[in-house]
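Below are some notes for a colleague who will be reading this model alongside its sequence. They begin with one residue pair and widen from there to the fold as a whole.

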Amino acid sequence: SATHNILVYRFVDETTGSLYQDFDDDGEAAAGKRLLHLLKMLPAENVAVVVSRWFGGIHLGPDRFKHINNAAREAFLEWKNLDDGEEKRL
């Protein structure tokens with residue numbers, strides 16, 4: 001299993017227009033907050049993202065956040081470019 005599963009989501013309630021957003025770092029301090037910031041900047045709504053990270057024996061230090069954000073950004077952009085007829089799954 002993964003060392004960390006970082007979850008972030010942003011959903012708009014179509015009836016009220018309210019935006020619901022939150023994150024779970026799963027022990028990877030500050031990673032969820034950074035991913036939520038990324039989704040706000042894209043801007044991404046009605047989406048949930050989970051980035052899983054395994055510890056491979058090498059400490060990445062702050063670079064790990066760059067890799068986590070890049071994985072989420074690439075997945076989101078791929079999802080966004082799908083044809084409207086396809087089921088969108090990130």
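**Notes on the sheet and its helices**

1. His4 stands opposite Arg53 in β3, and this pair is a convenient place to begin, with the caution that the model is a predicted one. Further along the strands, Ile6 stands opposite Val51 in β3. These pairs belong to the contact between β1 and β3, which run antiparallel and are joined by seven bridges.

2. On the other side of the sheet, β1, which covers residues 4-12, pairs with β2 in the antiparallel sense over six bridges. Val8 stands opposite Phe23 in β2, while the bridge partner of Tyr9 in β2 is Asp22. The two strands form a hairpin with six residues between them, and in the turn Gly17 has a positive phi of about 80 degrees.

3. Taken together, these pairings give an open sheet of three strands in the order β2-β1-β3, with antiparallel pairing. The edge strands are β2 (19-24) and β3 (47-53), each of which pairs on one side only. On average, and with direction ignored, neighbouring strands of this sheet are turned by 5 degrees against each other.

4. Which residues of β3 lie on its covered face, and which on its uncovered one? The covered face holds Val47, Val49, Val51 and Arg53, whereas Ala48, Val50 and Ser52 make up the uncovered face. The general background is that in a regular strand the side chains alternate between the two faces of the sheet. Two residues already met in the pairings, Val51 and Arg53, are thus listed on the covered face of β3.

5. Where do the helices lie with respect to the strands? Helix α1 (residues 31-41) lies across β1, β2 and β3 and runs at about 35 degrees to β1. Helix α2 (residues 63-80), for its part, lies across β1 and β3, running at about 135 degrees to β3.

6. For the protein as a whole, the secondary structure comes to two helices and three strands, and these follow the pattern β-β-α-β-α when read along the sequence. Among contacts between residues at least 6 apart in sequence, 57% join residues at least 24 apart.

7. As to accessibility, 27% of the 90 residues of the protein count as buried. The exposed area of the protein is about 6200 Å², of which carbon and sulfur atoms supply 50%.

Key:
Residues numbered from 1 in each chain as written. Predicted model: local features only at pLDDT ≥ 70, side-chain atom pairs only at ≥ 80, totals over all residues. Heavy atoms only, no water. Pairing = 2+ DSSP bridges. Helix = DSSP H or I, 4+ residues; strand = E, 2+ residues; numbered from the N terminus. Axes fitted to C-alpha atoms, helices over the stretch in contact; angles between N-to-C directions. Contact = heavy atoms within 4.5 Å. Buried < 20%, exposed > 50% of the residue type's maximum accessible area, 1.4 Å probe, protein only. Areas by Shrake-Rupley, 256 points an atom, 1.4 Å probe, with all protein chains shown as cover.
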